[in-house]
Amino acid sequence: MKFDLNILGCGSATPTVRHNPSSQIVNFRDKLFMVDCGEGAQVMMKRLGLKFSRLSHIFISHMHGDHCFGLPGLLSTMSLHEKGGMVTVHMQSEGIKVMEPMIRYFCDNTAYDLRFEPLPAQGVVYEDDGLTIETFPLYHRLPCSGFIFREKPSLLNLRGDMVRFHQIPVRQLHAIKCGADFFKDDGTVVPNSHLTLPPRRPVSYAYCSDTVMDRRVAASVKGVDVLYHESTYADDYEVQAVHRGHSTARQAAKIAAMAGVHHLILGHYSKRYRDLSPLLAEAREEFPAVSLSDEGRVFDLNGLARQ
Ligand SMILES: [Zn+2]
């Protein structure tokens, strides 16, 4: 079951020739969810073959331009592509006040219904049969939201040999996958544990855009499988990181260790680092399983969770 992370942009502040500002697409079973929408996001979607028609929810972490300036362009292009259905933009209510009039001005008469949904400080902001998305607070220079994608537990796996042995009718299989016992015609009960195997462990992914290092972030993302955490600076800018509401790669790794995650992905790099290897090395001194994000890189979250 597909659960991929596509990096569209992992630079901070402004676009450069090396990096786009923040944006990524979580592909969950071919439904696309965008998290942040810096400039260049729509071009990267095309480069990666990600279809606008599959994108219906966009989550904006906060109202700094490097996280939302791509939104008017993307939504306008999506309208020209005659995408139907509904597109929901989840962002802070202050952001909606600023962005909604501008976007409606440029995206008049969209083929899709455009909705703006204010983000709560905390809680579930999206749910379907297979997935929940939660938001939680980050600690930046203005209100900022993180997001956790949690796959829902799947049903129990049927043991084919036992299903055949007990000649269980097809109409009862769904109930057994949900945990029911099987009652034979003679009144005997076959317990569910004889008929099924445990399901695959569900996978979770957390996105932490701009934030200072804060224990409350570690508590919010505790136990997720894969964590994307901003790492704007290396150790050389640790003092400036605090003043600017950002983290160093080492601090991101400390959060990953505190939270007990399985894998850490770094991003939101300052343009002062042409070579990112010091960020990776410093992070790995605190936490072993670290990857660098890069534009166009696709992470298989199922694979990373099981490494
Ligand atoms: Zn910011």
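In this predicted model, D210 sits in the loop that runs between strand β14 and helix α8 (215–220). The residue is buried, as 26 other C-beta atoms lie within 10 Å. Leaving out residues up to four places away in sequence, D210 touches S61, H62 and H64, then L138, H140 and C144, and finally E230, G245, H246 and H268. Two of these contacts, L138 and C144, meet again in the sheet described below, where C144 in β9 is the bridge partner of L138.

D210 also carries an annotation. An unreviewed UniProt entry assigns a "binding site" to D66, H67, D210 and H268. These four residues span 203 residues in sequence, yet no two of their C-alpha atoms are more than 10.5 Å apart, so they gather at one spot. H67 belongs to helix α2, which covers residues 65–68. With 26 C-beta neighbours inside 10 Å, H67 counts as buried. Its contacts, neighbours within four places in sequence set aside, are P21, S22, D36, G38, I60, S61, H62 and S209. S61 and H62 thus appear in the contacts of H67 and in those of D210.

It is helpful to turn next to the sheet that provides β14. Seven strands make up this open sheet, arranged in the order β7-β8-β9-β14-β15-β16-β17 with mixed pairing. At its edges lie β7 (123–127) and β17 (290–292), each of which pairs on one side only. On average, and with direction ignored, neighbouring strands of the sheet are turned by 20° against each other. Helix α10 (residues 249–259) packs on the sheet and touches β15 (226–230), β16 (263–267) and β17; the direction of α10 makes about 150° with that of β15. Helix α11 (residues 277–284) packs on the sheet as well, where β16 and β17 are the strands touched, and its direction makes about 165° with that of β17.

The strand pairs can be followed from the β7 edge. β7 pairs with β8 (residues 131–138) in the antiparallel sense, over four bridges, and Y126 stands opposite I133 of β8. Three residues separate these two strands, which form a hairpin. A second hairpin follows, made by β8 and β9 with five residues between them. Here the antiparallel pairing extends over eight bridges. Strand β9 (residues 144–151) is then joined by four bridges to β14 (residues 204–208), and these two strands also run antiparallel. Within this pair, I148 has A206 of β14 as its bridge partner.

A206 leads on to the nonpolar interior. The largest nonpolar core has 77 residues, and the residues with the most contacts inside it are L227 and L264. Helix α10 contributes the largest share of this core, namely six residues. L227 touches A206, C208, V221, A256, A259, V261 and L264, once residues up to four places away in sequence are left out. The two best-connected residues of the core are therefore also in contact with each other, since L264 is among the residues that L227 touches and contact here means C-beta atoms within 7 Å.

Another buried position lies after β15. S231 is found in the loop between β15 and α9 (238–243), and with 34 C-beta neighbours inside 10 Å it counts as buried. Apart from residues up to four places away in sequence, S231 touches S247, T248, A249, A252, L266, G267, H268, Y269, L279 and A283. H268, one of the annotated binding-site residues, is thus in contact with S231 and with D210. S231 and Y269 are 38 residues apart in sequence, while their C-alpha atoms are 6.1 Å apart in space.

At the level of the whole chain, the domain assignment gives domain 1 (3–154 + 200–306) and domain 2 (157–197). The centres of the two domains, taken over C-alpha atoms, are separated by 43 Å. The unreviewed UniProt entry also places the feature "domain: Metallo-beta-lactamase" at residues 204–269. This span is 35% helix and 23% strand, and its end C-alpha atoms lie 24 Å apart.

Notes: Residues numbered from 1 in each chain as written. Predicted model: local features only at pLDDT ≥ 70, side-chain atom pairs only at ≥ 80, totals over all residues. Domains from an automatic or database assignment. Pairing = 2+ DSSP bridges. Axes fitted to C-alpha atoms, helices over the stretch in contact; angles between N-to-C directions. Core = buried A, V, L, I, M, F, W, Y, C linked by C-beta atoms within 7 Å. Buried ≥ 20, exposed ≤ 12 C-beta atoms within 10 Å, placed from the backbone. UniProt positions renumbered as here; feature names shortened; annotations may be inferred.
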